[in-house]
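Work through the exercises below with the model open. Each task is followed by its solution.

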Amino acid sequence: MSTTATDKISQAASRRSPYRVVQRVILPLEADSDSIPLYVDAGTTSVDPRTDAARAQGTAGPAVTGETVQSSDFRGRFSTVVRPGSRMSFATYFNAFPASYWRRWTTVGSVRLEVTVSGNGTLIVYRSNAKGAQQRVESLAFEGRTPHVFDLPLTPFGDGGWYWFDIVGGVEGALLEGAHWAVPDAGGKRGRASIAITTFNRPDYCLRTIETVCGADTVREILDDLLVIDQGTQNVADEEGYPEVAARLGDRLRIVRQGNIGGSGGFSRGMYEAVRAGRSDYVILLDDDIVLEPESLTRLVAFADFARRPTLVGGHMFDMYNRTVLHTFGETVDPWRFQPRPAHEDMELGHDFARSNLRTTPWLHRRADVDYNGWWMTLIPTEVIREIGLSLPLFIKWDDAEYSLRAAKAGYPTVSLPGAGLWHIAWGDKDDLVGWQAYFHERNRVIATLLHSLYDRGGRVLRESSYMDVKHLISMQYYSEQGRLTALRDVLAGPDRLHELLGTRLAEIRSLATEYSDAQFRPDLDAFPAPQRHKPRNKGRGVHQPARIALAPWAAKTVLRQTLRPVAEGAAERPQTFIAHQDARWWRLAQYDSAIVSNAEGTAASWYRRDPRQLRAMLAEAMGLHRRLLTEWPRLRRSYQDAAPRLASFEAWEDTFRRHAV
């Protein structure tokens, strides 16, 4: 059966039934996808079909390791073969049912699992608790083509836990024809959404996302508009293949051109256009450089429809270049440090489902309650936007976190929903704490702290900010530090220029790169003079990070030495060493007067050179700016909090959109 035909049958059944399908069991869009472990448990076990029944009842011995699932087993998007004697588990990210999230955040009290199988074998339903303990719920043997229905309560899932099912192939093997999770729906809400993609010079990625949406029938069924906010010079509408997909979507596809005013400007425009159109219940924000699992979009909408109150519902981010690696499962904002942190202490960043699946990873079963979700994929109810406004004009960084914190104050929570995910370039492949982005990290973190910190002087933020200044300076990262100093000056200047700076500050920060050698990159190491040989430090044992107890005196000594000691002879003409990016820690860089340092992407390197005069001037200014911030914090806090509703208003953004029209 074709995907389209299956979709139509599923949709028709959903309309007739008092239950609504909220999560279909799906298989990868790409037949040879390396993301298979996110859909089907690739650590399958092989069993003797003569002991299927005994094993299903838990009376047989342990299964032995067998062959893994192969893409050739799949029969399209919804159907798969289960070979004789093999166990196929759907205890996976995209196919297990996140029961604790539905129990906590929605009005739903039970879920129905419907599975249609043919052939012969055993069907087993499992659940887990918040500690990850696996519990058998029900099992049955099947023969021939049979639909099976399991009505399952959500009551036991107070702190965590999932439902899932396994199929064990009998002597003849089995075929899963289709399965889904459905919830009681007595004529409830059927929300519709507009999708807003913000893009800047990534027309190929953006077009691929549009094509993915266009090819998913269930997504088109809930879609009002697909808005592409194109802020680049390489336009999506000029990409080969665009006319065909535009013809299929018709007037539901809209390209909005404007100047580059950052992610906050693009996402605000998407929210603005959707709310002004007045048709959609939700806006789904998507980044441009993603690979989309389209089923995620329908899951976001279904969850939001059943939410107890209007709720921001986000999806998770997987690593585009390592498809089974989950970047983060949910984040909160540390109130004292005002920095992102995992939602609970057991959480493992960068978890690889190919190494440890859902059943064998206890922390994945504990519900992660979050403060915000990244705007790589987040659903926002339009009624929330009407009440609290659009994004703050921050260009990039902290706009998504600030928005969720603001929404929470108004009574609207954020949920990061398992089973809704996409693939994006992971932060490990970037280093945006240095370079031009250092400006936005510093400025916007301080602004968000002024707006939302629970502490009178922002907790630890100013102290950590001053530490970062020292680290950049003793690391010879003068360009990054110049951006940070500019950021602090802009914070002290108050909130009134934030809209004005959207279109100018990036270009100004980038233009400063010509003044700093650490910001001037060359793709070939041979473009630099060869490092001069010198006696190895510490008798050849290298440089090591100082112990925490000795850190303060070590840092003071290092700053004093870098401030007063002349640059080593010849270091200005030839680097002393080459340092790979992964080794370019501040305490190592601080030991040199001159070094060639590669970037995070591995595409180029730049020349770091110590300049005592530069260091003294920047350090003095940094200390002065932090003193002012500490002294003026109460005044600045009132100023930013008073200005925030105005800055996020439709009227303020309308003026900005006009000024940056293309």
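**Exercise 1. State how many cavities a whole-structure search finds, and describe the largest one.**

Solution. The search finds 5 cavities of 30 Å³ or more. A cavity is a set of points on a 1 Å grid over the protein atoms alone where a 1.4 Å probe fits but cannot get out. The largest has a volume of about 70 Å³, taken as the space filled by probe spheres set on the points. Its lining includes Gly315, His316, Glu331, Tyr372 and Trp376. By class, the lining divides into 3 nonpolar, 7 polar and 1 charged.

The model is predicted: local features need pLDDT of at least 70, side-chain atom pairs pLDDT 80 or more, while totals for chains, interfaces and linings use all residues. Numbering runs from 1 along each chain as its sequence is written, and side-chain values use heavy atoms, without hydrogens and water.

**Exercise 2. Place the salt bridge between Arg202 and Asp289, and classify both residues by exposure.**

Solution. A salt bridge puts a side-chain nitrogen of Lys or Arg within 4 Å of a carboxyl oxygen of Asp or Glu. Here the closest N and O atoms are 3.7 Å apart. Arg202 lies in the loop between strand 10 and helix 4, Asp289 in the loop between strand 13 and strand 14, so the pair ties together parts 87 residues apart in sequence. Arg202 is partly exposed at 31% relative accessible area; Asp289 is buried at 2%. Buried means under 20%, exposed over 50%, partly exposed in between (1.4 Å probe, protein chains only).

**Exercise 3. Which residues are linked with Arg445 in a network of salt bridges?**

Solution. Arg337, Arg460 and Glu464. Arg445 and Glu464 meet at 2.9 Å, N to O.

Definitions and conventions
On a 1 Å grid over the protein atoms alone, a cavity is a set of points where a 1.4 Å probe fits but cannot get out, and a pocket is an open set with protein on both sides within 12 Å along at least five of seven lines; lining residues have an atom within 4 Å of a point. Ala, Val, Leu, Ile, Met, Phe, Trp, Tyr, Cys and Pro count as nonpolar, Asp, Glu, Lys and Arg as charged, and the others, Gly among them, as polar. Helices (H or I, at least four residues) and strands (E, at least two) are DSSP runs, numbered from the N terminus.
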